[in-house]
Amino acid sequence: MTSEPAANEALDWIVDVLWGGLPGVSVARVPSGHSNQRTTSDAVERYLVVPSAREPRMLLPAHPRTGAAAMASGNRMRRPGAKAQRWAAGLAVRSGAAPFIFRDSLEVAAEPSGEAQTLGDILGELLGETVELAINVRAASPYRKPVVQVLSGDGRTLAYAKVAWNDVTERNVAAEADGLEAIASAARSGFSAPKVRARLSWRSHTVLVTEPMPSGLDRYPAAAGPPSTTVTRAVAGLWPGRNTLLAESDYTLDLGDRIVRAAIVAPDASSAALRALDRVRARFADVAIDHGSWHGDWAPWNLGRENGGLWAWDWEYARPGVPLGFDLPHWFFQRSFIERKSTFVDGMAAAGAAATPLRELGLSAAQADATLALHGLEAAARYLDALALGAVPNPRFVTGSIAGLASILPERGRA
């Protein structure tokens, strides 16, 4: 008898989302080098758990050709250390040594009744051939979703799929599909994005299938700063919005509602955010704000270059009706809070670097100040949204949120 690999919450979660409860489908975790004696299944998917079931990062097709192709995909976009690790892992897969390095695997078996449709089944039907899947594994959270690379038997990347599984991910996957469809039909300037292949319904939720991006994409140089204001304006124009006084903006009304909803789980931060919002409304009540859409996660890791052209992906936070230029302070906030792992208050300070590009975008000094203040509240509201949904608190937000929110237009006003 083989021993069961050690449990991991992230692995349990992704197995449940993709295969749990499908009629006639069973999933077994087994150490590599062993096989389940399945005599009743007519199809078995087999995945290596990379690097292990204790610390899973990816479910990799066990076939050497497709597994190696999945590890090599997108390597030009990765940092040198990650690139080297994936190159070494790909070499192990190609050489047949992977079962001796990655000791754990998953086997997915389907009963011959044919009643169940796995994700691989529906993607194969869509693309017209048998496919294999490489699946990213990340820590479970209300916002996480399976991201799947779809490969042909000879290792070509045919598509990518994002799989919604709850109300939050349904909204985000649908928003990404809407954004990509708007991009495809818009007379945009300065950037490209993945094309939508299909929006499928599976297990009562949306699966967004997109075409792969160019294989020659290179990392976007973070030191170059955010893309040009021409690109920012093009993104904002995907869903044009109204010009209204800040006091009458639907965005600020919705922002207040989001902050209030978090009061049960984060009363101090919610109260501080509401006080800051009141200050912003009072200070900029008669400032006219242009509204439009934004990418919502504008950061170097969601951008790439190919032959001088800009590509942007991960549009799941794209939304209409936000202040023009919101992506600019978000760029600097994300680089501080996410990339450098700074505190929330430091991220707020870093976002101030967007003042110059906001002015270049055509905003007046008052409009730029209002936009920066509202972005700080948007950043706080996102984390409050997550806390209200049961996400694990981020200590860098929890310890810095009050000070960061207090820094938004202090009571005595700005110098």
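Begin by selecting His 330, which lies in helix H10, spanning residues 327-339. The model on display is a predicted one.

Keep His 330 selected and consider its surroundings. Its relative accessibility is 3%, so His 330 counts as buried, the cut-off for that class being under 20%. Next, add His 375 to the selection: the side chains of His 330 and His 375 form a polar contact at 2.9 Å. To display the wider environment, select Trp 294, Gly 296, Asp 297, Trp 298, His 375 and Arg 382; these are the residues that His 330 touches when those up to four places away in sequence are not counted.

Proceed to Val 398, in helix H14, which covers residues 395-398. Because its relative accessibility is 45%, Val 398 is classed as partly exposed. Select Tyr 383 together with Val 398 and draw a line between their C-alpha atoms: the two residues are separated by 15 positions in sequence and by 9.3 Å in space.

The final stop is a sheet. Select strands E10, E13 and E14, which form an open sheet of three strands in the order E10-E13-E14, with antiparallel pairing. Strands E10 (218-219) and E14 (309-312) are at the edges; each has a single partner strand, and therefore one side of each has no neighbour in the sheet. Now restrict the view to E13, residues 303-306, and E14: these strands pair in the antiparallel sense over four bridges. Within this pair, select Leu 303 and look across to E14, where Ala 312 stands opposite.

Technical notes:
Residues are numbered from 1 along each chain as its sequence is written. This is a predicted model: local features need pLDDT of at least 70, side-chain atom pairs count only at pLDDT 80 or more; totals for chains, interfaces and linings use all residues. Side-chain values use heavy atoms; hydrogens and water are left out. Helices (H or I, at least four residues) and strands (E, at least two) are DSSP runs, numbered from the N terminus. Buried means under 20% relative accessible area, exposed over 50%, partly exposed in between (1.4 Å probe, protein chains only). A polar contact is a pair of N or O atoms within 3.5 Å; within protein, one must be able to donate a hydrogen and the other to accept it, and residues adjacent in sequence count only if both atoms are side-chain atoms. Contact means heavy atoms within 4.5 Å. Two strands pair if DSSP finds at least two bridges between them.
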